[in-house]
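User: I am new to reading protein structures, and I would like to understand how the words used for them are justified. Could we go through some of them step by step?

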Amino acid sequence: MAEVGEVLMSVLSTVRVPRPGDRVHKDECAFSFASPESEGGLYVCMNSFLGFGGQFVEKHHARSGQRAYLHITRTRKAQKEDDNNSGSGDPPKKKPTRLAIGIEGGFDVEQEQYEEDVKVVLFPDRQEVTSEDLATMPDVVRERVSLSMAGLLAADSVSHALQVQQWDGEVRQESKHAPELKQLDNGVKIPPSGWRCEVCDLQENLWMNLTDGKVMCGRRYFDGSGGNNHALQHFQQTGYPLAVKLGTITPDGADVYSYDEDDMVLDSKLAEHLSHFGIDMMTMEKTERTMTELEIAVNQRVGEWEVIQESGATLRPLWGPGLTGMKNLGNSCYLNSVMQVLFTIPDFQEKYVSSFEKIVDEAPSDPTQDFKTQVAKLGYGLLSGEYSKPTPDPADDPSAASEPRGDQVGIAPRMFKALVGRGHPEFSTNRQQDAQEFLLHFINMVERNCRSGPNPSEAFRFLVEERIVCQQSQKAKYTQRVDYIVQLPVPMDQATNTEELQEAERLREEAEASGNPPPAAPRARIPFSACLDALSEPETLTDFWSSAVQGKTTATKTTRFASFPDYLVIQIKKFTFGLDWVPKKLDVSIDVPDTLDLSALHGTGQQPGEELLPEVAPPPLMTPDVEVKGILGSRGNDEDDSLYSPLLSPVLDDSTVSQLCEMGFPMEACRKAVYYTGNTGIDAAMNWVMSHMDDPDFSAPFVLPGCSSAPGSTPTESASEEHLATIVSMGFSRDQASRALRATSNVLERAVDWIFSHLDDLESMEVSEGGRSEGGSEASRDPPPGPRVRDGPGKYELFAFISHMGTSTMCGHYVCHIKKDQQWVIFNDQKVCASEKPPKDLGYLGIQALLSYTSTCCQAEERTKSGVIALGGGLQRRVSQSKGRSCWTVLTFGLPVFS
């Protein structure tokens with residue numbers, strides 16, 4: 001042991017004790033999904049607190065030089081079979097009806113039990129040091145290493161802390177009783193431990209009343225467990241409103257419940273209130289799970305229930321590479337379904353999985369925060385087959401032969417979910433989300449992180465051609481925009497079973513009139529061809545401002561494909577909004593074909609002999625009795641007003657601008673809307689806003705036609721070198737940084753936002769390895785081309801679809817079906833099975849791939865003779881009428897391209 005002690009002494013300076021705020025990754029490997037429960041356990045670096053599986057710990061040691069790792073292994077204990085559980089994986093007989101704990105209809109909580117083995121391992125010789133070995137070592141070694149081990153074991157892991165934070169979605173409010181809470185001077189002092197209910201002697205689930213210091217047990221759960229309601233009864237007798245859960249008190253706070261307000265609350269004076277009864281909050285440690293942690297444990301069990309079945313068919317479990325399930329982290333089925341589909345597409349496999357080892361070798365010092373590393377980790381986990389194994393059941397007799405269970409070991413994408421959701425108001429939570437919104441969000445992140453290399457999002461990227469014809473002048477305007485999803489409307493009036501629906505409606509009205517329950521309503525059957533026809537039919541635009549006639553008139557707009565992508569995502573708009581603005585799902589069946597020919601929807605561009613609308617803006621409205629100084633009413637430069645001629649400065653209707661701003665639209669966008677509609681009122685301005693929300697420069701500073709600078713800037717204003725250096729350090733070239741600063745009046749924060757909303761445009765600028773443009777001065781270069789798009793013949797085969805069960809995108813469950821080797825496979829979180837009857841008619845998102853074609857790539861010009869291309873529109877989509885949420889149903893077509 002002397003030799004090991006000497007090694008420990010030599011590396012003692014690298015052994016750290018976790019402090020508050022340190023990120024401890026003790027549940028998951030940074031490069032794989034190895035965990036303490038996996039074979040070989042998990043190695044936690046005792047300096048950086050990063051976790052590594054057995055196949056990556058040597059690599060980390062070689063790169064970092066770190067030698068001391070805490071090796072954690074856990075073995076699941078065998079559990080007795082519950083008499084109320086058949087062991088078949090079916091839901092319990094008494095199904096919970098409320099998302100709650102401790103009240104009638106709520107959940108019961110079970111905890112898995114593990115035997116844990118912990119020791120220090122010293123690399124490269126893998127020398128092991130147990131707690132017993134430490135007792136024989138010098139005091140300085142024993143104390144330092146023991147403190148580090150104890151700190152790592154006691155610290156909440158990052159994944160656990162993130163889950164608790166995410167599930168605490170309904171922010172607790174300050175109790176109205178807390179600021180002026182009266183506390184009795186009754187001499188009661190509460191010890192730091194050893195509590196019991198003063199009525200029944202229970203020693204867990206104890207709550208101390210903050211008025212009189214009485215310690216009582218909590219509420220009785222629906223199954224008879226929990227407490228005996230004595231804390232509640234005490235409130236009913238005394239009216240003392242606030243109680244704190246003993247065992248949850250830490251220096252950071254505690255669970256406080258207000259019986260009067262009937263909710264968990266905050267107490268800003270908690271330390272003072274606890275001190276009144278002799279409790280020093282700063283010295284307390286948590287000994288019981290908080291209510292939020294209990295809620296997490298409960299909700300994660302929901303994923304064990306079979307939500308979507310195929311007409312009761314017995315599904316055959318599948319195992320192997322590309323057939324790996326994903327654990328539901330609590331309403332994460334939308335993420336699981338989308339990522340399963342994406343990593344069946346060759347572009348994503350080649351980008352992240354084929355070069356997995358290279359990505360690992362080049363990973364930064366903290367790979368848990370690196371997008372490329374975490375996406376590659378997820379892709380490798382799904383495709384390698386390492387985690388596609390039946391879930392072990394400790395209750396099973398290993399010697400007995402039995403059919404394999406449907407559940408897999410699978411992977412839990414905790415790090416991935418935390419990283420892609422960080423900073424997002426929806427995806428950073430554990431609430432249910434829309435699969436379509438997440439797909440666009442993820443594509444946006446891929447675009448940001450693939451500026452100088454292969455971009456797998458190109459597989460989805462296509463150009464949309466919009467042709468607007470002025471009915472008065474018969475002149476046309478062509479625009480092109482980038483998109484990633486085709487949104488198909490659902491024409492309910494085209495249902496093939498109209499008579500059946502009408503009869504059902506008549507029966508429903510009769511039942512309501514007689515007070516009887518209504519009969520089951522039939523599902524409307526809509527032909528897929530009707531959805532396509534609704535997409536391609538011309539749309540009438542009223543109040544269209546025509547530059548040809550210099551006034552408002554009527555126009556028609558026709559939408560066509562300007563290019564066909566390799567993989568086409570089709571979203572069927574099965575969601576609408578009721579009068580209460582709540583998204584509701586249309587109960588429809590749409591028979592999606594296995595093959596699809598969209599070649600007839602290819603755009604043709606400007607036709608021979610067709611005249612284009614002049615590219616001029618509506619005339620600004622001037623008032624001769626008002627002196628205007630500065631573009632759009634800006635103050636300008638008092639010393640030199642030559643750049644701000646009143647002839648270039650329209651007077652805008654401030655009331656219309658204000659009304660639009662109050663609706664939540666950006667100020668610059670509101671000014672543009674009022675200007676380009678010629679001050680003709682709020683309705684015209686709102687129509688302009690709704691038509692241009694997808695424009696990448698929607699909220700960018702407004703520049704008048706013919707001017708090269710934004711308000712408050714001059715054409716000769718130079719970019720700040722400090723701001724240039726900041727943006728260049730983010731991986732952009734100097735030319736790209738200059739362009740962003742010029743477009744945003746040299747404001748750094750706005751320039752950063754601008755540059756990330758114009759990635760397609762910037763990506764096309766030639767960037768050398770050192771991050772600088774190679775093409776000479778900006779003045780000598782041609783205008784940069786637009787985004788790269790692929791183009792094919794427009795013939796597709798159904799390759800995958802995502803189904804949604806539920807009445808709204810805010811709730812329900814997602815599964816996906818993917819065609820693998822001509823066999824449909826259903827991915828339902830951890831369950832992966834051969835599909836017998838894939839419900840294509842109920843698909844939410846579908847992916848199709850081009851059939852038998854040679855892919856061609858082209859650059860979309862930023863400005864052409866036939867119109868203007870709006871870049872990045874698909875990533876910015878939001879519909880104001882949905883209060884910020886887009887709620888549609890999507891199908892995606894795609895199969896590996898046939899040669």
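Analyst: Let us begin with a definition: two strands pair if DSSP finds at least two bridges between them. This is a predicted model, and in it V464 stands opposite R481 in strand 13.

User: What makes strand 12 and strand 13 a pair?

Analyst: Pairing needs at least two bridges, and eight bridges join strand 12 (residues 462-470) to strand 13 (residues 476-483), so the two strands satisfy the definition. They run antiparallel and form a hairpin with five residues between them, where Q474 in the turn has a positive phi of about 60°.

User: Why is the contact between D483 and R481 called a salt bridge?

Analyst: The cut-off is a side-chain nitrogen of Lys or Arg within 4 Å of a carboxyl oxygen of Asp or Glu; the side chains of D483 and R481 meet at 2.6 Å, N to O, and therefore the name applies.

User: How do you know whether D483 and R481 are buried or exposed?

Analyst: Buried means under 20% relative accessible area. D483 has 3% relative accessibility and R481 has 18%, so D483 counts as buried, and R481 counts as buried too.

User: Why is R671 called partly exposed, and what is said of E668?

Analyst: Partly exposed covers what lies between 20% and 50%; R671 has a relative accessible area of 23%, so it is partly exposed, whereas E668, with 17%, is buried. The side chains of R671 and E668 meet in a salt bridge at 3.6 Å, N to O, and both residues lie in helix 18 (residues 667-676), three residues apart, about one turn of the helix.

User: How do you know that K26 has no salt bridge?

Analyst: A salt bridge must be within 4 Å, but the nearest side chain of opposite charge, D27, is 6.1 Å away from K26, so this buried residue has none.

User: Which backbone oxygens does the side chain of K26 reach instead?

Analyst: The side chain of K26 reaches the backbone oxygen of L152 at 3.1 Å, while the backbone oxygen of A155 lies 2.6 Å from a polar atom of that side chain. K26 is placed in the loop between helix 1 (2-10) and strand 1 (42-45).

User: Which residues touch the most other members of the largest nonpolar core?

Analyst: They are M339, F438 and F442, in a core of 98 residues. Helix 14 (residues 435-449) gives the largest share of this core, eight residues.

Key
Residues are numbered from 1 along each chain as its sequence is written. This is a predicted model: local features need pLDDT of at least 70, side-chain atom pairs count only at pLDDT 80 or more; totals for chains, interfaces and linings use all residues. Side-chain values use heavy atoms; hydrogens and water are left out. A nonpolar core is a set of buried Ala, Val, Leu, Ile, Met, Phe, Trp, Tyr and Cys residues joined through side-chain atoms within 4.5 Å. Buried means under 20% relative accessible area, exposed over 50%, partly exposed in between (1.4 Å probe, protein chains only). Helices (H or I, at least four residues) and strands (E, at least two) are DSSP runs, numbered from the N terminus. Lys and Arg count as positive and Asp and Glu as negative; His and the chain ends are not counted. A polar contact is a pair of N or O atoms within 3.5 Å; within protein, one must be able to donate a hydrogen and the other to accept it, and residues adjacent in sequence count only if both atoms are side-chain atoms.
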